[in-house]
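Biologist: I'm new to reading structures, and I'd like a close look at one part: the aromatic rings and how they sit together. Could you walk me through that, and then tell me about the surroundings too?

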Amino acid sequence: MEAIKRRQKVLVTGHAGYIGQVMVRVLENAGHEVTGCDVDYFKGCEFLPPGYQGAVQHKDVRDIEVKDLAGFDAIIHLAALSNDPLGDLDRELTMEINHRASVRLARMASDAGVRRFLFSSSCSIYGAAGDESQAETASLKPLSAYAESKVRTEEDLDKIASATFSPVYLRNATAYGWSPRFRADLVLNNLCCWGYTTHAIRILSDGTPWRPLVHVEDISSAFAAALEAPTGAIHNRAFNVGRECENYQIRDLAEIVRQVMPSCSVEYAGRGGPDPRNYRVKFERIERELPGWHPQWTARSGAEEIVDACGRHQMSREDFEGWRFTRLAQLKRLTESGRLDPELRWRDRSHREPNTFPKNGVEAG
Ligand SMILES: NC(=O)c1ccc[n+]([C@@H]2O[C@H](COP(=O)([O-])OP(=O)(O)OC[C@H]3O[C@@H](n4cnc5c(N)ncnc54)[C@H](O)[C@@H]3O)[C@@H](O)[C@H]2O)c1
């Protein structure tokens, strides 16, 4: 059996994003040599300077060449337009960046001799699954361009798998938790921010849809476990990343947040209809086949962490509802101001976005 190196050279695309900023720390703590690669759409979208100071390629994944990939043992591919609203903004761009550029990257990785390709997929590919819990073998029902881009990428990576190239599909549940590049457009983070900034925890649907959740640090350690697992355990395999006990209905999450901030009320925002994205997920495979993974967090401990961080960083309603923590709002801001062109390429190649994070962790202005 092939021996797995304890210290691997890993390229992490999308390292400057919400998950990436936590993952690079987890990988470095595990002893790996990490290089980041990101086009940095979300520079300035933080309270504190991102902690990662390591090697970086400032590159659009659409422009990566084989020579950029030589010498890496593995690639962790996070770079993507990362949620449904971004896909609704421009379906073709989501397909171009999330699907076609990912497949192209994997082909070049295989040509460059990279042996392992960990793809950041999503449980949202189960889509309108109803109340029945979905295992990796379930039929996929993507409901958005975003989810479809993940399905198509998995299908095409499967065709590239070979004796020397192992794609792995890590289908993450919806992430939560604090990160230097925090996102407030993810359900638990969002509910906590509503509660913290307005004292009303606002639910947009009727509260009944099921969602699996997972902490951003637990996602990061799942990727580390997949990096370190024997090839036979991961080769061309899909893993749902999360835990059985972390399937929640949205109204349960709101109640958890209310328990953390008892002075808050829970409000239904009036749009009221059931959200068609409704899926519960089974996590037996990752538990059984990636025994090196030890998730630590629950929605309750995550809500406590987020509320605490909102306090430490003095999150205001203006911050929360502005562009910094909502991926769609920041990309719209960059395209409307002309800094990004309609293909989401920087007009000024040096893409100098002023650092807007305040000194000493306190919001400016
Ligand atoms: N956050 C979640 O709940 C979640 C759940 C399931 C799967 N995922 C997947 O995990 C990955 C990371 O998600 P995230 O929450 O950190 O998103 P994010 O938006 O915070 O980070 C994505 C990063 O990718 C970069 N990027 C985007 N397009 C690029 C391009 N063309 N070239 C180079 N860099 C580019 C962005 O600048 C950003 O730093 C994504 O693939 C996402 O689909 C996320």
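Modeller: Let's start with a word we'll need: a residue is called buried when its relative accessible area is under 20%. Keep in mind that this is a predicted model. By that cut-off, F182 is buried, and so is F325.

Now for the rings themselves. In general, you describe a pair of aromatic rings by the distance of the centres and the angle of the planes. This structure holds six aromatic pairs. One of them joins F182 and F325, with 5.8 Å from centre to centre and 65 degrees between the planes, which is an edge-to-face arrangement. Where do F182 and F325 lie? F182 is in the loop between strand 8 (174-176) and helix 6 (187-198), while F325 is in the loop between helix 12 (317-321) and helix 13 (327-336), so the pair ties together parts that are 143 residues apart in sequence.

Another edge-to-face pair is made by W194 and F320, with their centres 5.0 Å apart and their planes at 90 degrees. W194 sits in helix 6 and F320 in helix 12, so this pair ties together parts that are 126 residues apart in sequence. W194 and F320 are both buried.

There is also a group of three: Y41, F42 and W346 form one aromatic cluster. F42 has a charged partner as well, as R327 lies over the face of its ring, at 4.0 Å from the ring centre. Much the same goes for W323, where R333 lies over the face at 3.7 Å from the ring centre.

Right beside W194 in the sequence comes a cysteine, C193, so let's turn to sulfur. C193 is buried, with a relative accessible area of 0%. Its closest cysteine sulfur belongs to C310, and at 4.2 Å that is too far for a bond, because a disulfide needs the two sulfur atoms within 2.5 Å. C37 is buried too, at 0% relative accessibility. For C37, the closest cysteine sulfur is in C45, 18 Å away, which is too far for a bond. A search of the whole structure finds zero disulfides.

Next door to C37 in the sequence is D38, and that brings us to the ligand. There are 30 residues around the ligand, and D38, L78, S82, Y146 and R183 come nearest. Several pieces build this shell: helix 1 (18-29), strand 5 (116-122), helix 5 (145-160) and strand 8 each supply at least two residues. Strand 5 gives the most, with three residues.

Which polar atoms lie by the ligand's oxygen and nitrogen atoms? A backbone N or O atom of V61 is 2.8 Å from a ligand nitrogen. L78 has a polar backbone atom 2.8 Å from a ligand oxygen. K150 uses its side chain, where an N or O atom is 2.9 Å from an oxygen of the ligand. On its own the ligand has 820 Å² of accessible area, and the protein covers 98% of that.

For contrast, have a look at R107, which is found in helix 4 (residues 91-112). R107 is partly exposed, with a relative accessible area of 49%. Its C-alpha atom is 30 Å from that of E287, and the two residues are 180 apart along the chain.

How values were computed: Residues are numbered from 1 along each chain as its sequence is written. This is a predicted model: local features need pLDDT of at least 70, side-chain atom pairs count only at pLDDT 80 or more; totals for chains, interfaces and linings use all residues. Side-chain values use heavy atoms; hydrogens and water are left out. Buried means under 20% relative accessible area, exposed over 50%, partly exposed in between (1.4 Å probe, protein chains only). Rings of Phe, Tyr and Trp (its six-membered ring) pair if their centres lie within 6.5 Å; planes under 30 degrees apart count as stacked, over 60 as edge-to-face and the rest as tilted. Helices (H or I, at least four residues) and strands (E, at least two) are DSSP runs, numbered from the N terminus. A charge sits over a ring if NZ of Lys or CZ of Arg is within 6 Å of the ring centre and within 35 degrees of the ring normal. A residue is near a molecule or strand if one of its heavy atoms lies within 4 Å of it. A polar contact is a pair of N or O atoms within 3.5 Å; within protein, one must be able to donate a hydrogen and the other to accept it, and residues adjacent in sequence count only if both atoms are side-chain atoms. Accessible areas come from the Shrake-Rupley method with a 1.4 Å probe; for residues, only the protein chains shown count as cover.
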